[in-house]
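User: I am new to this structure and would be grateful for a close look at a single part, the nonpolar core, together with whatever is needed to place that part within the whole.

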Amino acid sequence: MRNRITRFVVAALAWTAIGTVFALPNLASGDWKRSLLGSLTQWWSWGLVTPLILAFDRRLPFSERQLPRRIAAHLLPSLLFTAAYVYVFAAALAVVGLGKWSAVLDVQTLLGTLRGMFLWSWLVYWLILGAWQVHEYYERYLSSELRRERLERSFSEAR
């Protein structure tokens, strides 16, 4: 799965699945297509912003054992990335015909989200970062288990 295209397809399918699940409660409403497309657009927008979040995290000068510092380093950027997400989402809505292109360049788009959507989006940022940290921890765990197994095997062979 190291192939970029494969990772892209898997990520797109995952964000689509998340968007579909979050659309389910609204699909019974009269305009199910709009509800589904709105939810998909929201989560696809997170899919576009997520690589930026992960790239930022990878470049932090803290080791995996310095989690409190890593979290503190994300405080201000999390607000900036969330603001960027708001505009990516506005652009995505315009692309699918659910929003206006003028919203992409309007400061009122961001100010309007401060009434509730921004906090929700900020929490999603932290969920993405948390999921990334879990993934990284799991990778380190597997790597250490493999090293331990190799050491045990070489110790057994040396006897």
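Analyst: Helices and strands are here DSSP runs, numbered from the N terminus; a helix needs at least four residues and a strand at least two. On that basis, the elements of this chain run α-α-α-α-α from the N terminus on, with five helices and zero strands. The model is a predicted one.

The overall form comes first. The C-alpha atoms fill a box of roughly 75 × 35 × 25 Å along the principal axes. The radius of gyration of the chain is 20 Å, whereas a compact globule of 159 residues would have one near 15 Å. Buried residues account for 26% of the 159 residues. The chain exposes about 11,000 Å², and carbon and sulfur atoms supply 66% of that area. Among contacts between residues at least 6 apart in sequence, 62% join residues at least 24 apart.

The core itself may now be considered. The largest nonpolar core has 18 residues, and the members that touch the most others are Trp46, Ile53, Tyr85, Tyr125 and Ile128. Three helices each supply at least two residues of this core: α2 (32-58), α3 (67-95) and α5 (117-158).

Ile53 serves as an example of how these members meet. With its neighbours within four places in sequence left aside, Ile53 is in contact with Trp46, His74, Phe81, Tyr125 and Ile128. Of these partners, Trp46, Tyr125 and Ile128 are themselves listed among the core members that touch the most others.

Tyr125 also leads to two residues of helix α3, namely Ser78 and Thr82. Ser78 has a relative accessible area of 0%, and therefore counts as buried, since the limit for that term is under 20%. Beyond residues up to four places away in sequence, Ser78 touches Trp122, Tyr125 and Trp126. Thr82 is likewise buried, because its relative accessibility is 0%. Leaving aside neighbours within four places, the contacts of Thr82 are Phe118, Ser121, Trp122 and Tyr125. Trp122 and Tyr125 thus appear as partners of both Ser78 and Thr82.

Neither Ser nor Thr is among the residue types that a nonpolar core may contain. Ser78 and Thr82 are nevertheless in contact with Tyr125, one of the core residues that touch the most other members.

Technical notes
Residues are numbered from 1 along each chain as its sequence is written. This is a predicted model: local features need pLDDT of at least 70, side-chain atom pairs count only at pLDDT 80 or more; totals for chains, interfaces and linings use all residues. Side-chain values use heavy atoms; hydrogens and water are left out. A nonpolar core is a set of buried Ala, Val, Leu, Ile, Met, Phe, Trp, Tyr and Cys residues joined through side-chain atoms within 4.5 Å. Buried means under 20% relative accessible area, exposed over 50%, partly exposed in between (1.4 Å probe, protein chains only). Contact means heavy atoms within 4.5 Å. The radius of gyration is taken over C-alpha atoms; the globule rule is 2.2 Å times the number of residues to the power 0.38. Accessible areas come from the Shrake-Rupley method with a 1.4 Å probe; for residues, only the protein chains shown count as cover.
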